[in-house]
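Trainee: Could you walk me through some of the labels used for this model? I'd like to see the reasoning behind each one.
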Amino acid sequence: MTVDDTGSGAGGDGRVDPHAPETGDDPLALRLEQLILGAERRYTPFQAARSAGVSMELASRFWRAMGFADIGQAKALTEADVLALRRLAGLVEAGLLSEAMAVQVARSTGQTTARLAEWQIDSFLEGLTEPPEPGMTRTEVTYPIVELLLPELEEFLVYVWRRQLAASAGRVVQTADDEEMVDRRLAVGFADLVGFTRLTRRMEEEELGELVEAFETTAADLVAARGGRLIKTLGDEVLYAADDAGVAADIALRLVETLANDETMPELRVGMAFGTVTTRMGDVFGTTVNLASRLTSIAPRDAVLVDSAFAEELIRSGEAPASEAEAAEAAAAAEKEGEDPPVYRFALQPMWQRPVRGLGVVEPWLLTRRDGRP
């Protein structure tokens, strides 16, 4: 919400009637807003900032960071908005957060919850508010449904957030080097549907939406179940990361295998790289991420390509042999000593070196399962 430096929002004398309704607002929309926010509109942005004890400039930065639309000096804010401003400003005043970090907190929270809210309305609430009887309107059904769902969804949101926060905090405190808390060594993978652009020309919008949702759901479930972290989805592509190269490799191959067994799904290609990654607001950046993306674009259909650092990490950890000849030698030596031969989960096949735009010459490796092992 954008604010200006004027002190009022109505009337030439600067006075505002706190109970005057906003013109042009739908009555049901106002009732739903009040139900969800738990408070009535009382403040203009200027009044809210003044009540919270923050400057107009800082209030404007917070509101914009949270992703709200510009409202000028309309009376559209509640006590909850004032409290949110007061809390963020209090964290800055106490020295717990810098002003820049507080704005980043507002932005990351706003972006994440905006997407969640859009999904809940588009995919969840719309289906529930279909009129159950002829003659009833969606309007007559929406309010009581929201009233019933709101407290349950709120409790569930807080539960999941605490769980995710605990998991993320656990990963950070286990990091040996303080510098790795921001710049960490991770395995990063992109999984991309082949020929998606052609599909968009042939399929109906609803059919295409169902395919994308099925792909994202399958990918999210597999990544989570195998111990990775889904970073983001981009319709026909997903980006995920894992602390361990073996975990990331298993996820990639399972994605290819799962989609190959689904006749409704296009083919898949995956590119992965291992190295230093910068994390910001839940996203990942850096050369390692760029390399994984480039490898995806050159990967064969239903195949996985990894960079040389990823291959070296699998070899170092004993997840894959450097070559089949080395694996055979290790097996023969173990048999001679009466020991069990080493068990490798993955196989690596070096591919032709090739130049990659912006990254120089890279050496891709084709990743497969070894001897059909799960």
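Trainee: Why are H2 and H4 called oblique to each other?
Mentor: Keep in mind that this is a predicted model. The axes of helix H2 (residues 45–52) and helix H4 (residues 79–93) cross at roughly 50 degrees and come within 8 Å. Angles under 35 degrees would count as roughly parallel, and 65 to 115 as roughly perpendicular. The angle fits neither class, so H2 and H4 are oblique. Their crossing is right-handed.

Trainee: Which residues make the contact?
Mentor: H2 brings Ala48, Ala49, Ser51 and Ala52, while H4 brings Val82, Leu85 and Arg86.

Trainee: What makes the pair of Phe156 and Tyr159 tilted?
Mentor: The search of the whole structure finds 1 aromatic pair. Its ring centres, those of Phe156 and Tyr159, lie 6.0 Å apart, and the planes are at 40 degrees. Stacked needs under 30 degrees and edge-to-face over 60, so the pair is tilted. Phe156 and Tyr159 are 3 residues apart in helix H6 (residues 138–173), which means a separation of about one helical turn.

Trainee: Why does Phe156 count as exposed, and why does Tyr159 count as partly exposed?
Mentor: Exposed means over 50% relative accessible area, and buried means under 20%. Phe156 has 51%, so the residue counts as exposed. Tyr159 has 47%, between those cut-offs, and is therefore partly exposed.

Trainee: How do you know that the charged end of Arg31 sits over the ring of Tyr143?
Mentor: CZ of Arg must be within 6 Å of the ring centre and within 35 degrees of the ring normal. The charged end of Arg31 is 4.1 Å from the centre of the Tyr143 ring and sits over that ring.

How values were computed
Residues numbered from 1 in each chain as written. Predicted model: local features only at pLDDT ≥ 70, side-chain atom pairs only at ≥ 80, totals over all residues. Heavy atoms only, no water. Phe/Tyr/Trp six-rings, centres within 6.5 Å; stacked < 30°, edge-to-face > 60°. Helix = DSSP H or I, 4+ residues; strand = E, 2+ residues; numbered from the N terminus. Buried < 20%, exposed > 50% of the residue type's maximum accessible area, 1.4 Å probe, protein only. Axes fitted to C-alpha atoms, helices over the stretch in contact; angles between N-to-C directions. Parallel < 35°, antiparallel > 145°, perpendicular 65-115°, else oblique. Left-handed = near helix turned anticlockwise from the far one by under 90°. Contact = heavy atoms within 4.5 Å.
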